[in-house]
Amino acid sequence: MSGGAAGLFVLVFFAPLAFVYGRAVARSIAARRRAGGASALALGLPKLVLPGLVGAALAYRLFVHDAARSTGWRVLDTGLALVDTLGGLALILFFLSVPFVMGRFFGVAAAVLGYFAGGGSSGLRDGADGGMPAVSPKAGGEEGDGVIMAGKLTIAIDGPAAAGKGTLARRLSAHYGLPYLDTGLLYRAVGRGAAAAGIDLDDPVAAGRIALALTPSALDDGTLRGHEAGELASRVAAHPPVRAALDAFQRAFAARPEGAVLDGRDIGTVIAPEAEVKIFVTASPEVRARRRTDELAAKGRGVDYERILAEVRARDARDAGRSVAPLKPAPDAHLLDTSEMDIDAAFRAACELIDRFLSGRNGG
Ligand SMILES: Nc1ncnc2c1ncn2[C@@H]1O[C@H](COP(=O)(O)OP(=O)(O)OP(=O)(O)O)[C@@H](O)[C@H]1O
Ligand SMILES: Nc1ccn([C@@H]2O[C@H](COP(=O)(O)O)[C@@H](O)[C@H]2O)c(=O)n1
């Protein structure tokens, strides 16, 4: 077999293994990019140093070794001897070294070209990735009293339905100038999508498929924030495939370099356990049901308080009782019971907690 044919045979033989390894390399670069790292090229180039060396050493061993003579330069001869030894090792480990070199080069090239950037998650991408736009990449609210901060600040807000998480999260996002993600919206879009497709909401696989196919445009629907979508969301949110499909997007959002505010049920426990500040907002079921009833009444919806209270209780039980990512405070979360607080008082209490953290971090 000629040298060219042998080379081609090696390339084809190792291609499947190199593809699998390269895809993992590309995904890991994409994940680091989403988490706020540099460009794919800047992250990928250092990954080429070792395979470049191994590849060159292997080529030296295969094609130059026999013809090699002393150059008369001791330093150069020593360097070439080292390369020759490395090439010898790579030759012994041929079945590992070749797919390693091929896979690394393939993976970095794929990452730079934007392939495999999704990490196997849903069609949602964080805007920081340069892919599809984020749900709410800008700070929420209209307060505009942004605080200038040094260092990342991710604020995780969890709590039961109608506790005031969203209201608080939006104000904090505006106050601290951080992007905001209402994670409930993702589950609402999946619940609504599943219902629209006529899928059994209790079928984890079918609901998981809807979650995987979710795209940002599905989140634009203003009716998603309504009461009914919340009920649908709570049903599909109990399925592990649904949660898995939405996981990467939320984690990437939480890991933005400047930080973020996210509200939901499992932010402090699952999505961003490393969040700098975690707040578990709660209020008694009666107070929450009253707030929800007033909210719906203000929208012209005639609603029965007792019915809303029963729904609030049922949703609490479902969210807290499910086996995956149940509603519960993280061990290091601050509890904020707003039963006796209005919106401003809850906001001030949250700011106090956050400012205390920031001043501790700044050594103040
Ligand atoms: N501390 C508070 N005092 C009085 N009303 C409040 C307070 N916090 C929020 N509200 C009101 O309660 C209602 C529910 O608040 P919000 O939508 O923020 O809750 P949530 O926890 O995000 O709900 P969900 O889990 O359903 O998304 C809204 O009408 C809001 O204006
Ligand atoms: N991180 C989250 C967020 C939401 N859910 C589920 O979605 C339902 C709707 O959430 P809202 O905050 O928009 O009311 C909620 O009842 C949960 O079942 C979740 O599981 N995890």
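A UniProt annotation may be inferred rather than shown by experiment. I keep that in mind for the first entry, and I note that the model itself is predicted.

**Entry 1, the binding site.** I looked up the UniProt annotation "binding site", which comes from an unreviewed entry. It covers G159, P160, A161, A162, A163, G164, K165, G166 and T167. Which of these residues help to line the largest cavity? I found A161 and A162 in that lining. I then located A161 in the loop between β1 (153-158) and α6 (165-176).

**Entry 2, α6 and α14.** T167 came up again here, as one of the α6 residues that meet helix α14. I noted that α14 spans residues 343-361, and that its axis and that of α6 come within 10 Å and cross at roughly 50°. Angles under 35 degrees count as roughly parallel and 65 to 115 as roughly perpendicular, so I wrote down α6 and α14 as oblique to each other. Their crossing is right-handed. From α6 I listed T167, L168, R171, L172, H175 and Y176. Among the α14 residues they meet are I343, F347, A350 and L358. I sorted the residues of this contact into ten nonpolar, two polar and three charged.

**Entry 3, α9 and α13.** Next I took helix α9 (residues 227-236) and helix α13 (residues 305-321). Their axes are 10 Å apart, and the packing angle is about 25°. Are these two helices roughly parallel or oblique to each other? Angles under 35 degrees count as roughly parallel, so α9 and α13 are roughly parallel to each other. I recorded the crossing as left-handed. On the α9 side the contact is made by H227, G230, E231, S234 and R235. On the α13 side I found R307, I308, E311, R315, R318 and D319. The residues of this contact divide into one nonpolar, three polar and seven charged.

**Entry 4, the annotated transmembrane regions.** UniProt, again in an unreviewed entry, lists residues 6-26, 38-60, 80-98 and 105-124 under "transmembrane region". I checked two of these spans in the model. Residues 6-26 are 100% helix and 0% strand, with the end C-alpha atoms 28 Å apart. Residues 80-98 are 95% helix and 0% strand, and there the end C-alpha atoms lie 21 Å apart.

**Entry 5, α3 and α5.** My last pair was helix α3 (residues 49-63) and helix α5 (residues 94-113). I noted an angle of about 130° and axes 9 Å apart. Angles over 145 degrees count as roughly antiparallel and 65 to 115 as roughly perpendicular, so α3 and α5 are oblique to each other. α3 passes α5 in a left-handed crossing. L50, P51, G52, V54, G55 and L58 in α3 meet a set in α5 that includes F94, V98, V101, R104 and F105. How many residues of this contact are nonpolar, polar and charged? I wrote down nine nonpolar, three polar and one charged.

Terms used. Residues numbered from 1 in each chain as written. Chains lettered and ligands numbered in written order. Predicted model: local features only at pLDDT ≥ 70, side-chain atom pairs only at ≥ 80, totals over all residues. Heavy atoms only, no water. Axes fitted to C-alpha atoms, helices over the stretch in contact; angles between N-to-C directions. Helix = DSSP H or I, 4+ residues; strand = E, 2+ residues; numbered from the N terminus. Left-handed = near helix turned anticlockwise from the far one by under 90°. Contact = heavy atoms within 4.5 Å. Nonpolar A, V, L, I, M, F, W, Y, C, P; charged D, E, K, R; others polar. 1 Å grid on protein atoms, 1.4 Å probe; cavity = no way out; pocket = protein on both sides within 12 Å on 5 of 7 lines; lining within 4 Å.
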